[in-house]
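Reader: I should like to understand how the terms used for a protein structure are justified. May we go through them one by one?

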Amino acid sequence: MFRLLLLAAQQAGELQTGLKAVGRGIVYGAAAIGPGIGIGIVVGNAITAMARQPESAGMVRTTMFLGIAFTEALALFGFVLAFIL
Amino acid sequence: MVLGLEFPPVSHLVNWQEIWFKGTPFAISKVVIVYILAVILSFGFFFLAGRKRKLVPSGMQNIAEASLDFIRESVIMQTMGAQGLGWLPFLTTMFFFIFFINIFEVIPAFQMPGNARIAVPLILAVTVWFLYNIVGIRTQGFGHYIKNMCVPPGVPKALLVIVVPIEFISNFLVRPFSLAIRLFANMLAGHFILVTFALLTAALWGSTYVAAILPFSLLVALTGFEVLVAGLQAFIFAILTAVYIGGSMSPEH
């Protein structure tokens, strides 16, 4: 810990860029967890519905894409935020 | 021997040199050329297809009619119903404009999705924002429209304190923002992925010829995937526009 602080005092700029890179990684990684699970649930249930009632596949597919689009937006916010940081 | 791959900074991947009118606000770079080509393509496609109309369609007219049918059946009928059929020209134009801008991601010599710069997605999203608000106010009246947008039906009175601000923010502020960000970030991410694998292939080809096979085969596969994404994002943009406009045309009771 002490060494890290000493390092921070000596090479403040380098440490800052390094920590920024770590922060970007954490932002995008964390933002991808929830939407990943969510899209899995959406698509899984859509497949179940299509398998049970193949005649309603067209409607289910449209709704599935809508659900994916809404869920995916959260991950994309994280992706954009990672570059803004 | 490659010990570390030097990845170019993000600004190098999306900023292109200005070709004509350098330094002025009207400078033309590769991205602007992509936009202009997309306008010409989407106009020219339907213009040429509709010029010599025949009862039994063939060639270009066939494709144009099939695409109109696709927008009508899977975008409008699923979200707005028959009352939204008047929006067919607008949604078709929007779908093809976005699709042609996106598809330049995989066309050799361009390989830059125009939507990886936020300008066009933002303008389209703001257009959609104005459209669904105007449609809502015209069909329901200002007070009714705001009430229908902010107060979802069947919510207990005590919860309204929390629900109304959330609905207001999500319907009026987050909607255009997420619409723009979704298109922009998807195309940007796709562009980055292709650039990453192309760089890997080039670096490995320079050092060891055999090892370049792996990233190159992935590059080919991902290029195919990006064609799918280009169409899918245009479809999602069109369908979300239809959902928003349909939502303000007929409120849920």
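Author: Let us begin with a definition: a helix here is a DSSP run of H or I with at least four residues, and helices are numbered from the N terminus. By that numbering, B:Gln111 lies in the loop between helix 4 (88-103) and helix 5 (119-140) of chain B. Please note that this is a predicted model.

Reader: What makes B:Gln111 partly exposed?

Author: Partly exposed covers the range between under 20% (buried) and over 50% (exposed) relative accessible area. B:Gln111 has a relative accessible area of 44%, and therefore it is called partly exposed.

Reader: Why is B:Phe21 called exposed or buried?

Author: Its relative accessible area is 54%, and exposed means over 50%, so B:Phe21 is exposed. B:Phe21 is placed in the loop between helix 1 (10-14) and helix 2 (30-51) of chain B.

Reader: What is notable about phi in B:Phe21?

Author: Phi of B:Phe21 is near 50 degrees, a positive value in a residue other than glycine. Likewise, B:Gln111 has a phi near 45 degrees, which is positive in a residue other than glycine. Most residues other than glycine have a negative phi.

Reader: What makes a set of residues a nonpolar core?

Author: The members must be buried residues of certain nonpolar kinds, joined through side-chain atoms within 4.5 Å. The largest such core has 77 residues, and those with the most contacts inside it are B:Val75, B:Met80, B:Leu91 and B:Phe237. Helix 8 (residues 213-249) of chain B gives the most to this core, with 15 residues. In soluble globular proteins, nonpolar side chains tend to be buried together.

Reader: Which residues does B:Phe237 touch?

Author: Leaving aside residues up to four places away in sequence, B:Phe237 touches B:Met94, B:Ile98, B:Leu124, B:Ala125, B:Val128, B:Leu179 and B:Leu183.

Reader: How do you know that chain B and chain A are in contact?

Author: Contact requires heavy atoms within 4.5 Å, and by this rule 21 residues of chain B are in contact with 14 residues of chain A. The area buried between the two chains is about 1,400 Å², of which carbon and sulfur atoms give 83%. In chain B, B:Gln78, B:Ile181 and B:Arg182 lose the most area to chain A, together 28% of what that side buries.

Reader: How many salt bridges does the rule find across this interface?

Author: The rule finds 0 salt bridges between chain B and chain A, and 2 residue pairs in polar contact. Helix 7 of chain B supplies the largest share of the side that touches chain A, 10 residues.

Definitions and conventions: Residues numbered from 1 in each chain as written. Chains lettered and ligands numbered in written order. Predicted model: local features only at pLDDT ≥ 70, side-chain atom pairs only at ≥ 80, totals over all residues. Heavy atoms only, no water. Buried < 20%, exposed > 50% of the residue type's maximum accessible area, 1.4 Å probe, protein only. Helix = DSSP H or I, 4+ residues; strand = E, 2+ residues; numbered from the N terminus. Buried area = accessible area lost by both parts, 1.4 Å probe. Salt bridge = Lys/Arg side-chain N within 4 Å of Asp/Glu carboxyl O. Polar contact = N/O pair within 3.5 Å; in protein donor to acceptor, adjacent residues only side chain to side chain.
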